Amino acid sequence: MTLEASLAGQPRVSPSLAKALVALGTVLTLVSTFLAWTWTPDFPGDLSVNGYPGGNQWITLVVSVLLLVAVGVSYDVPGLRWIAPRGHVRLLRGLALANLVSTWYVLLAIAFELNGLANWVSGSWVAAIATLLPAAGSFLLADDRREPQRARPLPRWVQVPIIFVAIMVAMFVADYGISTGYTEEFVGFAFAIGFAAWGLNSSGVLTRLTALTAKNRVVTSLSALVAALVFVFIQNGDAYNSVADDILIFATVALGLNIVVGLAGLLDLGYVAFLGVGAYTAALVSGAASSRFHVAYPFWAQLVLGIVVSMIAGVIIGAPTLRLRGDYLAIVTLGFGEIFRIVVNNLNGQSGPDLTNGPEGVYGVPDLKLFGYDFGRTHTLLGTTFGKFGNYYLLLLAAMAIVVFIFARVNDSRLGRAWVAIREDETAAEAMGIHGYRFKLLAFGLGAALAGLAGTINAHLLNTVTPDQYNFSATSPPNSAFLLAAVVLGGMGTITGPLLGAALLYLVPYKLQFFNNKQLLLFGLALILMMRFRPEGLVPSRRRQLEFHEEQIAEAEAHEAVLADAQGAQEEAGAAA
C-alpha cells in the first residue's frame, strides 16, 4: 500500500458493500419496531403489540430514521452534506452504536426480568440481528474525519428556521427524558442519546449549529424561550412539571455559581448557603404560620429582600476571605456553608434566639399570589390546565430568563473581561491595573444575589424551608457539591453548559432510583470519566477547548499538512505522467 493510500485510510472492504450493509440493517431495524419484542405485556412499555411501536421501540424507531438520513449523507444526497462537515463515517458509527446498545439493553432486560430468552419472539430476533449490521458496516468503512471546509454562509432566512427547529427538537428530546415512566426506558434513552451525541459531535454538525447560534443570539434566546413555553403546554398533568421546576431551580443557582467559578475562577464550596439565605428571608416575611415575624409582605418585596440579604451575606463572607486563593478559599467557603446550616439549626429558642424554628424550619409558607394570580390553584390557559407546579414553572422560567440575561450582559462587559483576566492570572491582571480584590468581591456579591432570587421562589414552591435542604453533600441536588459539579460538567464560563449539567445531574439520580445509595458512586465515576475524556465540559467555551486540547489540535494540523503534501506530490506525479 502506498503512502498516499495509507494516509487516506483505505478501507479493507468495498465502501459500497459497507454502506449497503448499514442501509439494510437500518431498514430491518426500522421494520422490527413494528413487530412485538415479547409475548407478554408484563415488561414495562408493553412491547407485545404488532403493527405499532411502544415503549423503547420508539427510541429505536427515531434513531433508525436518523441513521437513514446519515446513510443519505454517505451517498452524497444533495442537501444533506451540510450535516457532516467533518465526515460521515463517525456519524454512522455513533448512530449505529446508539441503536445497537439501546436496543440490546432492552432485549437483555426482557430476558433478565422475564427469566429467559424464551420470552423473545420474532421481532426480538429481527431487532437483535438487524442492529448488528449497521454497527459492523460502519466500522468497515475507513475513517474520513477531516477539518471542515469553509462553507458558503447560509442566508438569514435559512439560519433562523434551522436554529428554531434544532432547539425544538432538543426540547422534545428533553421532554421524553423527563417523562419516561420507568427505568428501562430511561436507561435505553440515555444510551441512545450518549452515542448519538458522540456521532453528531464527531460529524461537526453540532459545531455548525453552535456557530449559527453564536451569530444569532437574539433568535436563539427567543427560540429557547418559545421551546420552554411549549414544554409546559404539552405536559399531561403536573407530575413532570414538578421535576422541571426542580431542574429550573437547580439550573438557575448553577448559572449564578458560574459567575463565581466560571468567570472569576473562585472555588466556592458553600454556595448553596446563599440559596438558603434567600429562602429563609422570603419565608420569614411571607406570612408563614411558623414565622416569628408575623408579617406578610407582597412577593416583590420578598424578592427584593431575598436578593439584598443574600448579596449582603455574600459581601460579608467575601470581604475577609477573598484575599485567599485556591484551596484556602475553597476551605473557607466550605466552612461558611456548614456554619450557615448549623446557625439556622440552632436558632430555635434554646441553643440560640428563637428565629428560624430550628430543625423544624419555617413551614406553612403560603403559595404566591401575583397580580391576583394564585400559584397554588388550578388555572386554564389556552385550553391547557395548569396546576401548582405548572404555575411555578412559568415563574421560574421568567426568573431563568432574567438570570441568563444578566449573565450574558455581564460576560460581554468590561466587568466580565476583568473576571476572566483574574481567573487566568490574577497577578498579571493586577499588573495591568485590575483591582483583583474589588472585582472578586463583585463576583461574589452578584452570584449570591442570583442564588437569593432562586431561593425566594423555592421557599414558596416547597412551602417549607429546613436546614437540611442546604447541606454540602446531601443525597439529592441542589447542594454545593452538585452545583459545582454542574458547572464543571456542563462547561465553565458558558450559559448552556451549567443548564445542561444541572439537568443531567438532577435527572439521572432521579430516574435511577434502583441504585439507592450507590448514586453518589456512579456520580463520582461519571466525573472521573469526564475529567479523562472531556475535561473542558459538555459545552465548553472556545478558550477552554483550546487550553485542554492544544496538543491534539497541533497534531491534527500537522496531519492535515502531511495529507496536503501527499496530495500535492500525487498531483505533481500525475501531471508529470
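**Exercise 1. Determine whether L329 counts as buried or exposed, and describe its surroundings.**

Solution. At 2% relative accessibility, L329 counts as buried, a term for residues under 20% relative accessible area, with exposed meaning over 50% and partly exposed in between (1.4 Å probe, protein chains only). The model is a predicted one, in which local features need pLDDT of at least 70 and side-chain atom pairs count only at pLDDT 80 or more, while totals for chains, interfaces and linings use all residues. Residues are numbered from 1 along each chain as its sequence is written, and side-chain values use heavy atoms, with hydrogens and water left out.

Next, locate the residue: L329 belongs to helix α14, where helices (H or I, at least four residues) are DSSP runs numbered from the N terminus. Then list its contacts (heavy atoms within 4.5 Å). Not counting residues up to four places away in sequence, L329 touches L266, L267, T321, L322 and L324. Finally, the C-alpha atoms of L329 and L269 are separated by 8.9 Å, although the two residues are 60 residues apart along the chain.

**Exercise 2. State how many aromatic pairs the structure holds, and characterise the pair of F274 and F444.**

Solution. The structure holds 17 aromatic pairs. Rings of Phe, Tyr and Trp (its six-membered ring) pair if their centres lie within 6.5 Å; planes under 30 degrees apart count as stacked, over 60 as edge-to-face and the rest as tilted. For F274 and F444, the centres are 6.0 Å apart and the planes stand at 90 degrees, which is edge-to-face. F274 lies in helix α12 (residues 272–284) and F444 in helix α18 (residues 436–462), so this pair ties together parts that are 170 residues apart in sequence. F274 counts as buried at 1% relative accessibility, and F444 counts as buried at 2%.

**Exercise 3. Characterise the pair of Y280 and F340.**

Solution. This aromatic pair is edge-to-face, with 6.2 Å centre to centre and 75 degrees between the planes. Y280 is in helix α12 and F340 in helix α14 (residues 326–346), so the pair links distant parts of the chain, 60 residues apart. Both Y280 and F340 are buried.

**Exercise 4. Identify which residues ring pairs link into a cluster, and where the charged end of R323 sits.**

Solution. The cluster consists of Y271, F274, F336 and F444. The charged end of R323 sits over the ring of Y437, 4.1 Å from its centre; the criterion is NZ of Lys or CZ of Arg within 6 Å of the ring centre and within 35 degrees of the ring normal.

Conventions: Helices (H or I, at least four residues) and strands (E, at least two) are DSSP runs, numbered from the N terminus.
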